[in-house]
Amino acid sequence: MRPRTSHHTDAASPLEARRLSLRALPRRFYARDTELVARDLIGRVLECTRRGVRVRGVITETEAYLGEHDPACHAAVGRTARTAGLYGPPGTAYVYFIYGMYWCVNAVTRAEGLPSAVLIRGVQPLEGLPAMRRRRPHARADADLANGPGKLCLAFGIDGPAHHGADLVRGAGLRILAGAPVSDAAVTVTPRIGISKAKDWPLRWVMG
DNA sequence: TCAACGATTTTCT
DNA sequence: GAAAATCGTTGAG
């Protein structure tokens with residue numbers, strides 16, 4: 001006799017037991033203060049489909065980058081070819097290349113012309129684990145497949161040429177689904193990681 | 001034209 | 001815990 005939840009999943013975490021909405025988050029979700037969006041993105045589902053391969057995971061770690069007056073935000077240098085994406089419409093992807101070898105993905109927030117975004121720093125793998133393992137041969141455990149901004153872009157197949165400027169709301173490739181919100185008790189706030197400017201600002205949110 | 005550095009990850013000591 | 005790998009962006013010359 002098969003279990004009642006009979007559809008097969010390769011998910012390997014307690015998160016699979018949560019009831020997750022697979023509706024894409026609407027544009028208005030992103031058109032708010034960046035801190036609110038960063039906090040509210042915890043528990044949501046990042047999805048990337050490339051060449052018929054779909055990968056999903058629950059967002060567990062985010063950081064807010066507030067705009068031209070945030071010294072750690074790329075937009076602190078103003079509008080350049082590199083930072084132009086931060087000035088784009090809310091709900092689009094800002095993907096940048098770092099340290100000569102990694103990509104990082106952000107969700108653009110607030111309104112077009114206001115350069116702010118949420119860096120997605122960690123994801124709990126949910127679906128498409130075989131593809132993630134193939135793309136992350138060095139990962140020792142499944143929990144390590146996407147628990148970092150560079151790692152998750154590798155595991156999800158996210159890169160600048162394919163995804164910079166992508167529409168997270170209505171796109172076909174890279175999207176963020178409603179998933180399930182997380183209570184305040186399950187979220188911790190800390191300073192942002194790996195930056196030298198404005199290092200004490202409490203703009204990082206972590207599940208757990 | 002060039003040097004320094006960065007929203008990182010991995011490996012080595 | 002330290003250091004290497006590796007390159008686009010930025011700002012100074």
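## Asp 159 and its partners

In this predicted model, the side chain of Asp 159 makes a polar contact with the side chain of Arg 50, at 3.0 Å. A polar atom of the Asp 159 side chain also lies 2.9 Å from the backbone nitrogen of Ala 162. To find Asp 159 in the structure, look at the loop between helix H4 (149-156) and helix H5 (160-163).

Is Asp 159 buried or exposed? Its relative accessibility is 18%, and buried means under 20%, so Asp 159 counts as buried. Setting aside residues up to four places away in sequence, Asp 159 touches Arg 50, Val 95, Trp 103 and His 164.

## The nonpolar cores

Next door in the sequence sits Ile 158, one of the residues with the most contacts inside the largest nonpolar core. That core has 39 residues, and Leu 46, Phe 156 and Ile 176 are also among its best-connected members. H4 contributes the largest share of this core, four residues. A second, separate core has 13 residues, including Ala 72, Ala 75, Ala 117 and Ile 195. In soluble globular proteins, nonpolar side chains tend to be buried together.

What does Ile 158 contact, leaving aside its neighbours within four places in sequence? The list is Leu 46, Cys 48, Val 95, Trp 103, Val 105, Leu 152, Cys 153, His 163 and Leu 174. Val 95 and Trp 103 are also touched by Asp 159.

## Helix H4

H4 is worth a closer look. It is mostly covered, with six of its eight residues buried. These are Pro 149, Gly 150, Leu 152, Cys 153, Ala 155 and Phe 156. They pack against strand S2 (45-50), strand S3 (53-65), S5, S6 and helix H3 (129-135). Just after H4 comes Gly 157, which has a positive phi near 75 degrees.

## Meeting the DNA

Which residues are closest to DNA strand B? They are Tyr 96, Asn 106, Arg 136, Gly 150 and Lys 151, out of 21 residues that surround the strand. H4 gives the most to this surface, with three residues. Strand S4 (93-98), strand S5 (102-108) and strand S6 (117-127) each supply at least two residues, as does H4. By type, the surface divides into ten nonpolar, eight polar and three charged residues.

Three of the close approaches are easy to trace on screen. A polar side-chain atom of Asn 106 lies 2.5 Å from a base nitrogen of DNA strand B. Arg 136 places a polar side-chain atom 2.3 Å from a phosphate oxygen, while Gly 150 has a backbone N or O atom 2.7 Å from a phosphate oxygen. Of the DNA atoms within 4 Å of the protein, 54% belong to sugar or phosphate, and the rest belong to bases.

## The whole chain

Now step back to see chain A as a whole. It holds five helices and nine strands, and from the N terminus on the order is β-α-α-β-β-β-β-β-α-α-α-β-β-β. The radius of gyration is 16 Å, close to the 17 Å that the globule rule gives for 208 residues, so chain A is as compact as a globular protein of that length.

The C-alpha atoms fill a box of roughly 60 × 35 × 30 Å along the principal axes. Buried residues make up 50% of the 208 residues. Among contacts with a separation of 6 or more, 63% join residues 24 or more positions apart.

Technical notes
Residues are numbered from 1 along each chain as its sequence is written. Chains are lettered from A and ligands numbered from 1 in the order in which they are written. This is a predicted model: local features need pLDDT of at least 70, side-chain atom pairs count only at pLDDT 80 or more; totals for chains, interfaces and linings use all residues. Side-chain values use heavy atoms; hydrogens and water are left out. Buried means under 20% relative accessible area, exposed over 50%, partly exposed in between (1.4 Å probe, protein chains only). A polar contact is a pair of N or O atoms within 3.5 Å; within protein, one must be able to donate a hydrogen and the other to accept it, and residues adjacent in sequence count only if both atoms are side-chain atoms. Contact means heavy atoms within 4.5 Å. A nonpolar core is a set of buried Ala, Val, Leu, Ile, Met, Phe, Trp, Tyr and Cys residues joined through side-chain atoms within 4.5 Å. A residue is near a molecule or strand if one of its heavy atoms lies within 4 Å of it. Ala, Val, Leu, Ile, Met, Phe, Trp, Tyr, Cys and Pro count as nonpolar, Asp, Glu, Lys and Arg as charged, and the others, Gly among them, as polar. The radius of gyration is taken over C-alpha atoms; the globule rule is 2.2 Å times the number of residues to the power 0.38.
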